[in-house]
Structure formats: C-alpha cells, structure tokens
Amino acid sequence: MELNVFACSEAGLREAQEDAFVTTSRCLAVADGMGGYDGGADAARVAVRAVAGELEEDDDLEAAFVWASRQVREQGGGGTTLVVARLSVDGLELHAAIAWVGDSRAYRIRGGEAECLTEDHVGSDGGLTRWLPDEPRVDTTDVRLRAGDLLVLLTDGISAVIEDQIADAADAEDPAEWLVVQALEAGSSDNCTAVVCRL
C-alpha cells in the first residue's frame, strides 16, 4: 500500500494566515483560527501540533481533542476549528477515524464523487456552535479507503466556494494545491488550506 500526502495553505485575500495543518504517518489535522478573535492563528497552530503529538502516544481521538483544547487555553487562548484523521492500515485498506469541531471538513473522493464525512457545527445564523477551547465536544466517524480513494481535509475557505468541484481534485497531480488554487480563483475571501491523502 502506498500513501501519498499533499498539503497546501494560502492566506488568500486575508492579511493574516489563521489556518494551520499537520501531517504525520498517523495523523492528518487541519485547523482554522477564528477570525476576529485575538490569538486565532496561534490557537490553530497549537491545536494541530497538540493533537498530532497526543496521537503519537495514544489512539483516543476524544482525549487528544481534550488535550489540544487545554493547550490552546494555556498557551494564549484564541479559538479554532479542528478536523483530524487518525490513520491505520488494515490489510489492503486504510482506516481513518475522523473527529472534528467547527466547520472544517473531511471528504472521501471515490469513483468521481466526493462524500462529505463531517457535519458543520454551525447555528442558524451561520456562526460556529463548537470550537476549541470553549466548546470542545467532538463528533466522530470512521471511514475505510481503498486503492484510488482520496481523503480530503480542508477549511471553509475552500468548501464554501467550490464544494461542487471537490471531486475533481482526484485528477490533479497535486490535489491539495489544486483545491486551494481553484478556491482562490473562484473568489474565496478566506484563508484556504487543504490536506489530501491519496491511496
């Protein structure tokens, strides 16, 4: 089994980059610091590093989110979304355990179609209802990937403008860069970050 991981992150039209990501052999993580809150960029960076570090020692995703939330609070506050995939190989398939808070998303691309694996934590006004560190309750799901599948983690700077094009990333040489470029060309006014694992 061969795994190829791609990552791309651009500030776009924003003055500051408040997205962050981490990729390891066991973990993919993407965070979107909450704009308008002091320390959003720092919160995102702390969150992805903390959750990835915890998953190197323990498989418990919810415990990793609790640890990340504590680290965000202790290291200066701010708020952030977070979506994480914990990876493990099972025979000829890749098992991904997904956990998230906020509106950063995970997708599986298979057979020319993109399936959203997460559900945004947003209210009727479009505002976040869960985030780190104040509302760290996570939702989780599990997905299996087989040869030819792509697992995509991204921030809402991409999903909000090109959701109907996400499946097309499967044909790109670098699908993460392709997603970011397409979102920016479509007029995204937000930071854009994508992490993609291709089997």
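1. In this predicted model, aspartate 42 and arginine 45 form a salt bridge through their side chains, with 2.4 Å from N to O. Both belong to helix H1, and because they are three residues apart there, about one helical turn separates them. Aspartate 42 is partly exposed, at 40% relative accessibility. Arginine 45 is also partly exposed, with a relative accessible area of 33%.

2. The structure has 11 salt bridges. Another of them pairs arginine 105 with aspartate 120, whose closest N and O atoms are 2.8 Å apart. This pair connects distant parts of the chain, with the two positions 15 residues apart: arginine 105 sits in strand E6 (residues 105-110), and aspartate 120 in the loop between E7 and E8.

3. Is arginine 105 buried or exposed? Arginine 105 counts as buried, since its relative accessibility is 14% and the cut-off for buried is under 20%. Its partner, aspartate 120, is partly exposed, with a relative accessible area of 23%. Arg105, Asp120 and Glu163 are joined into one network by salt bridges that share partners.

4. A further salt bridge joins the side chains of glutamate 135 and arginine 137, at 3.9 Å from N to O. Glutamate 135 is partly exposed, at 30% relative accessibility.

5. The peptide bond to check in the model runs from leucine 132 to proline 133: this bond is cis, with omega near 5°. Most peptide bonds are trans. Proline 133 is located in the loop between strand E7 (113-116) and strand E8 (139-145).

6. Which residues have the most contacts inside the largest nonpolar core? They are Val51, Phe65, Leu82 and Val84, in a core of 26 residues. Several elements each supply at least two residues of this core, including strand E2 (19-23), strand E3 (27-33), strand E4 (80-90) and strand E5 (93-101), together with helix H1 (40-57) and H2. H1 contributes nine residues, the most of any.

7. Two surface patches deserve a mention. One is a patch of negative charge, where Glu56, Glu57, Asp58, Asp60 and Glu62 gather. Glutamate 62 belongs to helix H2 (residues 61-74) and is partly exposed, with a relative accessible area of 46%. Its accessibility therefore fits the patch rule, which takes residues with over 30% relative accessible area.

8. The other patch is nonpolar and consists of Met1, Leu3, Val89 and Leu92, which together have about 420 Å² of accessible area. Methionine 1 belongs to the segment before strand E1 (4-10).

Terms used:
Residues numbered from 1 in each chain as written. Predicted model: local features only at pLDDT ≥ 70, side-chain atom pairs only at ≥ 80, totals over all residues. Heavy atoms only, no water. Patch = residues over 30% accessible without salt bridge, like charges linked within 9 Å, V, L, I, M, F, W, Y side chains within 5 Å. Areas by Shrake-Rupley, 256 points an atom, 1.4 Å probe, with all protein chains shown as cover. Salt bridge = Lys/Arg side-chain N within 4 Å of Asp/Glu carboxyl O. Lys, Arg positive; Asp, Glu negative; His and termini not counted. Charge placed at Lys NZ, Arg CZ, Asp CG, Glu CD. Helix = DSSP H or I, 4+ residues; strand = E, 2+ residues; numbered from the N terminus. Buried < 20%, exposed > 50% of the residue type's maximum accessible area, 1.4 Å probe, protein only. Core = buried A, V, L, I, M, F, W, Y, C linked by side-chain atoms within 4.5 Å.
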